[in-house]
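Work through the exercises below with the sequence and the model side by side. Each task is followed by a solution that goes step by step.

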Amino acid sequence: MSNELLFQELGLDNQDLKKMLYDMILIRKFEETLKQLYQQGKIHGTMHLCIGQEATAVGACFPLNNEDKITSTHRGHGHSIAKGTDVKKMVAELFGKVTGHCKGKGGSMHIADMTVGNLGANGIVAAGLPLGVGAALTSKMKELGYVVLCFFGDGATNEGAFHESLNLASIWKLPVIFFCENNLYGMSGSITEMTNIESIAVRGSSYGIPSETINGNNILEVIKATQDAVERAKKGEGPTLIEAETYRWEGHSRSDARKYRTREEEKEWKKEKDPIEVFKEILISNNVINENEFIELNEKAQNQMKEAVEYAENSDDPSIDTLMTDIYA
Amino acid sequence: MREISYSEAVKEAMTQVMREDNDVFIMGEDIGVYGGAFGVTSGMIDEFGPERVRITPISEAAISGCAVGSAMTGMRPILEIQFSDFVVIAMDNIVNQAAKMRYMFGGKAKVPMVVRLPAGSGAGFAAQHSQSLEAWMTHIPGLKVVQPSNAYDAKGLLKAAIKDDNPVLFYEHKMLYNLKGDVPEESYEIPLGVADIKREGKDITIIATGMMVNHAVEAAQQLEQEGIDVEVIDPRTLVPLDEKAILESVKKTGRVLVVYEAVKRGGFGTEIVSLIAESDAFDYLDAPILRLGGVEAPIPYNPKLEKAAIPQVSDIYQKCLELMNK
Ligand SMILES: Cc1ncc(C[n+]2csc(CCOP(=O)(O)OP(=O)(O)O)c2C)c(N)n1
């Protein structure tokens, strides 16, 4: 479907469209700010940036409401922001502060926010899938009507947990959406070396799950696919697998020299397929925004980040007594 | 002697054995051009090629089972689990398969494999990437468990582990990877089951494992100023355990502190305490045996909390003073 047709079919109002563009920009600024802070030695540990994958995060979360849930991954900042998690508290968490979402105990890989249905990022590859299946089981058994969207990468689809989760969700017809951000790489393992199949989507079919591959850098395609999946799930028709093709611009984590891929490939994705640029062009050609407004959105996001960093920097470290709290309920 | 880092020592051991023995190969995630998450295998694929430095998909259950299967049938795999925490996904293959094979089959199979496991806290990786779970493994008959505390030991122990005909779990501390030490270039082995006295002393015996050995030695040096003479014993392998070396030292000093990074409750130090309590060395004790281990909490992200979660040099120092006053 052409962008124009998709744009009309989705029938999104201008406010929604602008909000989504803003969220994408905010994710980009979040990650860029973090990268800087990291390089300045203000943040410790490790982190996995999702620059280049803003359309999958925002597009997949858009059709979800506050009761719907997500499970996320080690590369989860974008998912959290898209689901509505407070950015200030996210930055504070990355600083390890008591005001952080996990009181400074979780850090980048463990940001969770139950109030907006964010069941948490996860440091264990593919661990979010069975958890998502379980949350979907709750929804079904208690007739709560919510759906669960599980984010995971292409690399995760080689874990047993992926296969077992798909099968379970399929036989029990659970309201869950398996959302694969195929950014072509696990850490250094390219999808072509690590799998011998045409697409990740075929893996869904073998479990009896409707599956499709979409362009993950075009947010309209992401919204369309997710909306359809949410509808199926809410009608009791069971899980869907969506494979969204995208690209992470940065290395896997801070220590990655990116020897496993070429700079040309990176350039191609940055230049021609930047999800923010793609969306911006669609919005400009449909008179939703103009160049000036785009600049304003960028400034606004930059300011929001500045405030968040100030908030985090001015927050306290957790007291040593909290080392032994929150271990048991 | 030449100084190299712990991680270089691990690499050198693998490289030397792989040159000698074509049956040895490495498997693991990102161990090719990436060099593994901690760079330990960097460059190895250039020498040995992708057949023997085998990059795997992210699939710990499959690759651990694959290691067992290939070991049973004549290969000698070294499996790198990217962070030791992920071994839980491989647990069935290690606990129910690798450890049991030989016994169940009446001695008709052997499983010569090494699982390399970067463990421990200190890098800000938080609760799912910082654990010390080695005690779990020591509970399983059929497995051997190694925990080198410096570069020299890492090289010699890994060589012995690869040559061993049993499944060996080889715990490497991630905060030790950059630590340099004297390591001879030539090939050598340190037999499994032989402890090392890292420092001789006559007042207190500290039995420490992994990273804590280094902390204990540092504390011992400080305690010297107080006129307290501490002996530091590093078992180096938890299974088999050099009970004799531990008990002899206890008899010599009469005071014991056991230090380990893993959660204190149910940690391997508890086993060492029991060993002493059940032996004739008990009669030589002048004070109760003390234990220092990690707090009973997951490893937190905040650096101050993270530090507070595991024993520090000052904690060891303090405990030794306490011990002298008992
Ligand atoms: C069980 C487990 N194995 C290995 C790792 C180390 N690791 C973290 S992220 C990652 C790559 C994941 O790739 P993918 O699922 O494609 O997600 P992406 O990083 O591309 O977003 C690896 C190997 C881990 N965290 N957990």
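Contact, as the first exercise uses the word, means heavy atoms within 4.5 Å. The model is a predicted one.

**Exercise 1.** Locate A:Asn298, decide whether A:Asn298 is buried or exposed, and find which residues outside its neighbours within four places in sequence it is in contact with.

*Solution.* Begin with the secondary structure, where A:Asn298 is found in helix H13 of chain A, a helix made of residues 291–313. Next, take the relative accessibility of A:Asn298, which is 19%; buried means under 20%, and therefore A:Asn298 counts as buried. Finally, set aside the neighbours within four places in sequence, and the contacts of A:Asn298 are with A:Ile25 and A:Lys29.

**Exercise 2.** Describe the overall build of chain A, and explain why chain A is as compact as a globular protein of its length.

*Solution.* Start with the elements: chain A has 13 helices and five strands. The radius of gyration of chain A is 19 Å, and since the globule rule gives 20 Å for 329 residues, the two values are close, so chain A is as compact as a globular protein of that length. Along the principal axes, the C-alpha trace of chain A spans about 50 × 50 × 40 Å. Turning to the interior, 59% of the 329 residues of chain A count as buried. As for contacts between residues at least 6 apart in sequence, 73% of those in chain A join residues at least 24 apart.

**Exercise 3.** For each annotated domain, give the helix and strand content and the distance between the end C-alpha atoms.

*Solution.* In chain A, an unreviewed UniProt entry places the annotation "domain: Dehydrogenase E1 component" on residues 22–319. Over that stretch of chain A the chain is 46% helix and 9% strand, with the end C-alpha atoms 36 Å apart. In chain B, the annotation "domain: Transketolase-like pyrimidine-binding", also from an unreviewed UniProt entry, covers residues 4–179. There the chain is 38% helix and 17% strand, and the end C-alpha atoms lie 8 Å apart.

**Exercise 4.** Find which residues of helix H8 of chain B are buried, and what covers them.

*Solution.* Helix H8 of chain B runs over residues 211–225, and its buried residues include B:Met211, B:His215, B:Ala219 and B:Leu223. Now look at the cover over the buried residues of H8(B), which includes strand S7 (168–173), strand S10 (204–208) and helix H12 (313–325) of chain B. Just after H8(B), B:Gly227 adopts a positive phi of about 80 degrees.

Terms used. Residues are numbered from 1 along each chain as its sequence is written. Chains are lettered from A and ligands numbered from 1 in the order in which they are written. This is a predicted model: local features need pLDDT of at least 70, side-chain atom pairs count only at pLDDT 80 or more; totals for chains, interfaces and linings use all residues. Side-chain values use heavy atoms; hydrogens and water are left out. UniProt positions are given in the numbering used here, feature names are shortened, and annotations may be inferred rather than shown by experiment. Helices (H or I, at least four residues) and strands (E, at least two) are DSSP runs, numbered from the N terminus. The radius of gyration is taken over C-alpha atoms; the globule rule is 2.2 Å times the number of residues to the power 0.38. Buried means under 20% relative accessible area, exposed over 50%, partly exposed in between (1.4 Å probe, protein chains only).
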